[in-house]
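Please walk me through this structure. Start with how its strands are arranged, then show what packs against them.

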Amino acid sequence: MNPVRLGFIGCGIVARDLHWPALQQLKEKFEAVHVCSRSEAKAREFADLTGAPRYSTDYRELLKDPKVEAVIIAYPFELNYELTKAALGAGKHVLVEKPLAATLEEGRELVSLSESADRVAAVAENYRYRPVFAKIKRYIGEGRIGRPCKVIWNGFGYLPRDLKYLKDSTWRHTSYGGFILDGGVHQMAGLQTIFGRMTKGIAHTVQMQHGAGEPDGLTYLFEFENGVSGIYHNYLSIVGYSYHNLLIFGTEGSIILENNQLTVATQEGREQEKAEDDGGYTGEFDDFYSAIRNGTPTQSSIREAFYDLQALLHALESTNKWDDFTIGPLR
């Protein structure tokens with residue numbers, strides 16, 4: 001097998017704790033040859049971990065390396081636009097972490113650039129590779145619950161302030177949307193994998209506490225292109241209550257995803273199965289390899305990631321724009 005020679009731009013938590021364990025499952029398909037971090041200590045440590053023979057502190061040096069075929073970009077997402085453009089310009093295949101970009105304008109330009117490039121450009125959106133979402137989409141297509149009408153995604157709980165993704169990443173506190181944006185694009189990807197593009201919506205946000213970015217609570221009412229409507233709840237500072245599930249209501253039944261258990265409930269009864277997976281991380285790299293070596297279309301394209309970003313940014317930008325329905329005091 002002909003392994004893809006990888007360069008890592010970013011050697012932090014995501015590269016170390018999510019990407020590298022998945023790549024270890026695909027040793028025959030990928031080889032680390034150069035890693036880069038703004039911190040020399042992190043770059044050296046990650047090179048030791050991956051066996052990469054070179055490390056650097058300037059991504060331009062990595063992009064000049066002829067041994068690097070493809071790059072994984074895992075820097076703060078505000079840099080995705082700059083780094084993705086540079087990597088494609090250097091003739092490298094690109095797998096960039098989500099969210100795709102800091103603004104829709106940057107995202108649109110990356111869509112155009114990626115679709116005109118002769119290199120693979122994909123986004124590391126692992127939810128697109130979680131088998132449970134493909135299974136739910138198939139069940140709906142088979143008519144298991146009749147015509148789908150309503151979807152509700154509930155996420156209520158308390159995000160620990162010492163969570164490594166918060167504690168060691170100040171950009172999640174200071175970036176527009178905070179962890180709601182950083183994590184929320186996952187759910188947008190899962191929902192749009194099942195139902196297609198979101199096209200309408202309005203939201204409400206709250207700031208309950210501090211430490212998980214701003215805002216830390218979001219309710220979004222939306223509609224898909226196919227007419228299915230939904231409600232998305234994402235609350236990160238709920239004290240004393242935790243609840244997470246996905247509910248899909250159809251004319252002849254319901255689908256419930258909760259605690260890694262998938263349930264199809266109809267008038268005839270309930271069918272349950274385990275929905276455990278590795279989070280989709282191995283799948284995203286397997287897909288990246290196939291796109292590079294076999295020329296197959298990637299499931300998580302720059303365009304699809306743009307739609308995820310667009311949905312979340314629209315939610316944040318539409319927030320609290322309510323119409324006042326009061327008509328004054330009654331006589």
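**Sheets and the helices on them**

An open sheet is built from 6 strands, in the order E3-E2-E1-E4-E5-E6, and its pairing is parallel. Strand E3 (54–56) and strand E6 (121–124) are the edge strands, each pairing on one side only. Neighbouring strands here are turned against each other by 25° on average, direction ignored. Bear in mind that this is a predicted model.

Look inside this sheet next. Strand E4 (residues 70–73) pairs with strand E5 (residues 93–97) in the parallel sense, over 4 bridges. Ile73 stands opposite Val96 in E5.

Now turn to the helices. Helix H10 (residues 281–294) packs on the sheet and touches E1, strand E2 (30–36), E4, E5 and E6. The direction of H10 makes about 160° with that of E5. Helix H4 (residues 80–89) lies across strand E1 (4–9), E4, E5 and E6. H4 runs at about 170° to E5.

Another sheet follows. This open sheet has 8 strands, in the order E8-E9-E10-E7-E11-E12-E13-E14, and its pairing is mixed. Its edge strands are strand E8 (198–206) and strand E14 (269–274), and each pairs on one side only. From one strand to the next, the twist averages 10°.

Which helix packs on this sheet, touching E12, E13 and E14? Helix H6 (residues 131–141) does, and H6 also touches strand E7 (148–156) and strand E11 (243–250). The direction of H6 makes about 175° with that of E12.

Finally, take one strand pair from this sheet. Strand E12 (residues 253–258) and strand E13 (residues 261–266) run antiparallel, joined by 6 bridges. Within this pair, Ile255 stands opposite Val264 in E13.

How values were computed
Residues numbered from 1 in each chain as written. Predicted model: local features only at pLDDT ≥ 70, side-chain atom pairs only at ≥ 80, totals over all residues. Heavy atoms only, no water. Pairing = 2+ DSSP bridges. Helix = DSSP H or I, 4+ residues; strand = E, 2+ residues; numbered from the N terminus. Axes fitted to C-alpha atoms, helices over the stretch in contact; angles between N-to-C directions. Contact = heavy atoms within 4.5 Å.
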